[in-house]
Each structure stands twice: as C-alpha cells, then as structure tokens.
Amino acid sequence: MKSLEELRAIRANMQAQMGLRKEDGNQTRIVVGMATCGIASGARPVLVALSDAVQEKGLKNVTVTQTGCIGLCKYEPIVEVIEPGKEKVTYVKMTPEKALEVLEKHIIRGQIVKEYTISEMIG
Amino acid sequence: MLPELSLNILDIVNNSIRAKADLITIEVRIHKKEDVLIIKITDNGHGIPEELLSKVEDPFFTTRNTRNIGLGIPFLKQAAEITGGIFKIESIPGIKTVVYASFGLTHIDRMPLGDICSTIYTLLLANQSIDFLYIYEVDGKEFQLDTRKFREILGDIPFDTPEVAGFIRDYLTQNHREVDGGIIF
C-alpha cells in the first residue's frame, strides 16, 4: 500500500520553496457546474482537465472549484470564469478540449473565447 | 441516467456539499461471496426534515428553484433496485444523513463502478474546505483516504499544488489496485 510517508517528504520539500499560493483577492476562480445535469453531460472530465492543466502550467493565482446547478441544464457542462474586478464569463457546452482552449486564451492570454460563451450561444 | 456508479456517487455527494457538510464519508464495499456491491455516503450537513424525506425519491420533487426536477436520488435508487438491491436514505437533521444503496454485484443490469478515482480526486481538489473519508473494500481488504490526515501533514499547503495532487492521484490508483488486484467492477 502507498503510505502517507511520501506526503511528508513533499511537504518538507514544498516548505523550502518560495512562492506558495496565497488565497487573496487576486485569485481567478474557474467554477465548473457539478449537479446531476452537469455530471450527466460530462462535467467530471472537464474539471479534471482544467485542474490538471492549472497545476501543469503553474498558474498560482487560479483555483478550480465546483458549484451546483445554475438553472441552465441544457447548456451543461458549464464553466464560469470569475476574474477579480471583471464581469463573470459563462462558457457553455464545454468539453475537456474546449476548456483547455479557454484556459489558454482567456485565463493566460486574457482574450475571451466568444464563440463558447452563453451570450453567443443564446444570442 | 448516469452511466457509471462513480458518477452517481459524485452526484449524491454534491447534495452533501449543498447541505453544508464539512465531513463526508464515502464507502464502496464489494463482497464477492455475498454477490453485493454497497455504496454508503454519510455526511454531517443540515439534513433532510422528516416531512421531506419521503419526497426526495420522487423525480418531480426538488428544493432548489433553478429547475423543478431532482434526479440524483431517483437515479441511484433505480440503479440499485433493478439489480435486486436496496436503497435507503436516513436523516437526523443537524446530525447526520446516510444514503445507502446495495447492488447485485453480478446482476446483468448493474452499472460498472467506473472511474471512481476521478470522482474522489475531483471532490477533494474542488472542495478543499470539506473533509472526506473514502473507504474502498473488496472482500475484507480495504484502504482509506482521510483528508484530515493529509491536512495534518500538509498544514496550509493546498491539495491542488501539482506535487500534492499528483500524490493524491497515485495514492488512489495504486491503493485501489492493491485492494481489488486490478479487477474492474
């Protein structure tokens, strides 16, 4: 069995590093809808893909989290991007691939991927 | 319908999260001799008052106002009962709520357990203010993942730092394999 010993080593190693994330007002939040509607349409792989990519790219000011049903079930999986001081952007009918595109273009380069947003979808 | 039991688990646990639980226990127990797979989810959220308890199994009942149906519990109940299993939900408001489902392990209509590691991983990383105890057992052999123990070691290092998240993923997959010997349930 894999034990918790390794976790102690990770901690010792991390504490020696600088630049641990601080949970402050400058966090960008990526929120994935994870109610029955979201799960049924594939929200779990979307969340895993986003979470893994945020770690891989070392985006220290970005957190990936989940929420319930926001009442737009037919547009699930839904991903909301909440940046400090900016209006919330809602992306609909996400897939892991589309979500990674949003991460790359919107979160990293600051350009909203219009064609995937709710306003574009509903018109 | 959700195509995997692990997705049903993710769904039911979200009820616990919405009920503001801060400790959620998820048990998956497989007993081959008794031909049964058991899923039990226990939380310390605000619970379900007695007058609503009988209604939550009704797909056309929900407490939310974002939509007027609630399919999570009916899905799990149906998935269990079509395999000759039992579904139960008990709640002592303010103390604990238990959702229990058993399945005929080799019944032709039993859905696969599916990617349970991703379900647990997702829950842990996306809900870091909640503690989870996950227990996976096959025929008396089990492993536990207790986030309280993780936090004791990690202090304020978040679960979604790459090294820790990687550890959680490996801990889940390796210990699953040790418990079930790689058999896909």
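**Two chains, one sheet and a helix contact**

Me: Let's start with the helix contact between the chains of this predicted model. Is the crossing of α1(A) and α5(B) left-handed or right-handed?
Reply: Happy to begin there. The two helices, residues 5-16 of chain A and residues 147-154 of chain B, pack with their axes 9 Å apart, at an angle of about 35 degrees. The crossing of α1(A) and α5(B) is right-handed.

Me: Which residues of α5(B) make that contact?
Reply: From α1(A), the contact draws on A:Leu7, A:Arg8 and A:Arg11. On the other side, α5(B) supplies B:Phe150, B:Ile153 and B:Leu154.

Me: How many residues of this contact are nonpolar?
Reply: Two residues of the contact of α1(A) with α5(B) are charged, and no polar ones take part. The nonpolar residues number four.

Me: Now to chain B: in what order do the six strands of its open sheet lie?
Reply: The pairing in this sheet is mixed. Neighbouring strands are turned by 10 degrees against each other on average, direction ignored. Across the sheet of chain B, the order is β3-β4-β2-β1-β5-β6.

Me: Which strands of chain B stand at the edges?
Reply: Look for strands with a single partner, because one side of each is then left without a neighbour in the sheet. In chain B these are β3 (87-92) and β6 (141-146).

Me: Which residue in β4(B) stands opposite B:Thr42?
Reply: Strand β2 of chain B covers residues 36-43, and β4 of chain B covers residues 96-104. They pair in the antiparallel sense over eight bridges. Opposite B:Thr42 in β4(B) stands B:Val98.

Me: What angle does helix α1 of chain B make with β2(B)?
Reply: Helix α1 of chain B, residues 5-18, packs on the sheet and touches β1 (23-31), β2 and β4 of that chain. The direction of α1 makes an angle with that of β2(B) of about 20 degrees.

Me: And what angle does helix α6 of chain B make with β6(B)?
Reply: Helix α6 of chain B, residues 162-180, also packs on the sheet, where it touches β5 (131-138) and β6. The direction of α6 and that of β6(B) make an angle of about 165 degrees.

Me: Back to chain A: in what order do its elements run from the N terminus on?
Reply: Chain A has five helices and four strands to place. The elements run α-β-α-α-β-β-β-α-α.

Me: What share of the residues of chain A count as buried?
Reply: The C-alpha trace of chain A spans about 50 × 35 × 20 Å along its principal axes. A residue is buried if 20 or more other C-beta atoms lie within 10 Å of its own. Of the 123 residues of chain A, the buried share is 33%.

Technical notes: Residues numbered from 1 in each chain as written. Chains lettered and ligands numbered in written order. Predicted model: local features only at pLDDT ≥ 70, side-chain atom pairs only at ≥ 80, totals over all residues. Pairing = 2+ DSSP bridges. Axes fitted to C-alpha atoms, helices over the stretch in contact; angles between N-to-C directions. Contact = placed C-beta atoms within 7 Å. Left-handed = near helix turned anticlockwise from the far one by under 90°. Nonpolar A, V, L, I, M, F, W, Y, C, P; charged D, E, K, R; others polar. Buried ≥ 20, exposed ≤ 12 C-beta atoms within 10 Å, placed from the backbone.
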